[in-house]
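User: Please take a close look at the salt bridges in this structure, and at the exposure of the residues that form them. Then set them against the rest of the chain.

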Amino acid sequence: MSNERKKHVIDHTPHTMSGWGVELWDRVESVVGEVTGQADQMGQVYAKFIKERGEVEREYARSLRKLIGKYSDKDEKKHSEEDSSQTRGFRLILLEVGYQAGQHELLSDTFMKTFSQEIKLQVKDTNKKIENHRKDIKVIQNKLDKAHRNLEKSKMKYVKHHADLQLSREALKNAETDGTTSKNEIEKMQLIAAAKKQQEEDYKGEYAQQLVKTNQSQSEYFNSELPAVLDSLQSLSQNNCQFLKRIFSNCVGAEKEAAFIISKCHEEIENVIHDISPEEDTDRVIEKYKTGNIPPLDLQFDDLSDGHIHFGGPGDMTTEKVQKELSEERDSNLYQKKRDLDKKIKDQQILVEKGLKEVAALQLMVQTYTANPKFGDVGEFSRELDTATQRVEVLQSGVQLLGAELSGVSARLDQI
């Protein structure tokens, strides 16, 4: 086996990696795009290749037919028993070449009409299934989004009534200490504060219940619904791969079948060649052109003592042969890609460190304002903290993805 062949030997070692539903839960669009790309590749590359492969066979068969017609005798009456074995053999060779052309025509029809059509139908079915999966993904995403919106609404209501309660308590406290508010007015404010307390408790309970529902919806989405769709897409991808394996295997089978018939043509041509007899053909020439005359007598000497004799010879001719060797080098530029990934990871890590410092500073501000309410409203800092934390998490996720890609590139470099 050549070194080039060894590079392309497929490793059939069983894979132990989990399915798409587990490993690719956060790359939904990439997964859908991957399967869609596979379908496009089937239709735009493989189907076209097989169709054009059939066109090559058709053109080759057409060229053979044209060649046979060019060298075949148009007048069959010219054939006679006096034809040489070489002439008869050539006619039989043309006949066998015609049979070969027929096999290439059959192969062309198989490629262009059968296999390419099967791929088109497979692509159509695959695209339909992909579209159904897109709809499924949209449905379960909308379901989860609705749960998050309901949670946000219930939380905002709870936050609002909590703030109202705090304001009511603050107003009651001020009224009780300033000494200018009547007893009846204070009692009325106490009733209002109690009512707001009850409202706060009610909305707090609703928020807690909605949180449980949202967490349940989220768990169903990430642990059941989404993995089911992704695993289904994985099965679709695997089925398409198996389908292509079958198609290409059938292509090889069709070629082998045609090659078997063509090999029989070759055997028959070899028999024809074996039957060509130089002795028989030369004997036929003797029989055809023999006159019975005898060769002429010896020529007499002519004295040319007063003349001149000139000698000449053919010129020499030399032929130069020049061979040009072409070499192609394939450069995947993996090293540059590795450097680029290293830089991206370092830049991303700098942003992560910066984000962590910002988070730490905001945490300190939240703690300070929580411990000292008179400094101001802590809510704004809390929201900023949530935003900064989410930003850092996104950056850290990006670092992990880049690191995985870098590991892949490094592994490929080690194999070179």
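Analyst: The count for this predicted model comes to 19 salt bridges. Three lysine-aspartate pairs are described one by one below, followed by a network.

Start with Lys129 and Asp125. These two residues form a salt bridge in which the closest N and O atoms are 3.3 Å apart. That distance qualifies because a salt bridge needs a side-chain nitrogen of Lys or Arg within 4 Å of a carboxyl oxygen of Asp or Glu. Both residues belong to helix α4, which covers residues 85-178, and they sit 4 residues apart, about one turn of the helix. Lys129 is partly exposed, at a relative accessible area of 36%, and Asp125 is also partly exposed, at 33%. Both values fall in the middle class because buried means under 20% and exposed means over 50%.

Helix α4 also holds Lys160 and Asp164, which are 4 residues apart, or about one helical turn. Their salt bridge has its closest N and O atoms 3.2 Å apart. Lys160 counts as partly exposed at 49% relative accessibility. Asp164 is partly exposed as well, with a value of 23%.

The third pair is in helix α7, residues 334-371, where Lys343 and Asp347 are 4 residues apart and so separated by about one helical turn. Their side chains meet in a salt bridge at 3.0 Å, N to O. Lys343 counts as exposed, at 52% relative accessibility, while Asp347 is partly exposed at 35%. Beyond these pairs, Arg53, Glu57 and Glu255 are joined into one network by salt bridges that share partners.

Helix α7 also contains Gln348. Gln348 is buried, with a relative accessible area of 18%, whereas Asp347 is partly exposed. Leaving out residues up to four places away in sequence, Gln348 touches Leu395, Gly398 and Val399.

A buried residue in another helix gives a link to α4. Thr36 lies in helix α3 and is buried, with a relative accessible area of 19%. Apart from neighbours within four places in sequence, Thr36 is in contact with Ile130 and Arg134. Helix α4 runs over residues 85-178, so by the numbering of that run both contact partners of Thr36 fall within α4, given that helices are taken as DSSP runs. The C-alpha atoms of Thr36 and Val123 are separated by 9.6 Å, although the two residues are 87 residues apart along the chain.

Helix α3 itself has 44 residues and reaches 63 Å from its first C-alpha to its last, close to the 64 Å expected at 1.5 Å a residue. There is nevertheless a kink of about 35° in α3, centred on Met42.

These parts belong to a chain with 8 helices and 0 strands. Along the sequence the pattern reads α-α-α-α-α-α-α-α. Of the 416 residues in the chain, 25% are buried. The accessible surface comes to about 31700 Å², and carbon and sulfur atoms account for 53% of that area. Among contacts between residues at least 6 apart in sequence, 85% join residues at least 24 apart.

Finally, the confidence of the model. The chain has a mean pLDDT of 84, with 83% of its residues at 70 or more. Confidence is highest in helix α3 (residues 28-71), at a mean of 94, and lowest in helix α1 (residues 3-7), at 48. Over residues 4-16 the pLDDT stays under 50, and the model has 3 contacts for this stretch beyond four places in sequence. Residues 310-331 also have a pLDDT below 50, with 1 contact in the model beyond near neighbours in sequence.

Key: Residues are numbered from 1 along each chain as its sequence is written. This is a predicted model: local features need pLDDT of at least 70, side-chain atom pairs count only at pLDDT 80 or more; totals for chains, interfaces and linings use all residues. Side-chain values use heavy atoms; hydrogens and water are left out. Helices (H or I, at least four residues) and strands (E, at least two) are DSSP runs, numbered from the N terminus. Buried means under 20% relative accessible area, exposed over 50%, partly exposed in between (1.4 Å probe, protein chains only). pLDDT is the predictor's confidence in each residue, from 0 to 100. Contact means heavy atoms within 4.5 Å. The expected span of a helix is 1.5 Å times one less than its number of residues. The bend at a residue is the angle between axes fitted to the seven residues ending there and the seven starting there. Accessible areas come from the Shrake-Rupley method with a 1.4 Å probe; for residues, only the protein chains shown count as cover.
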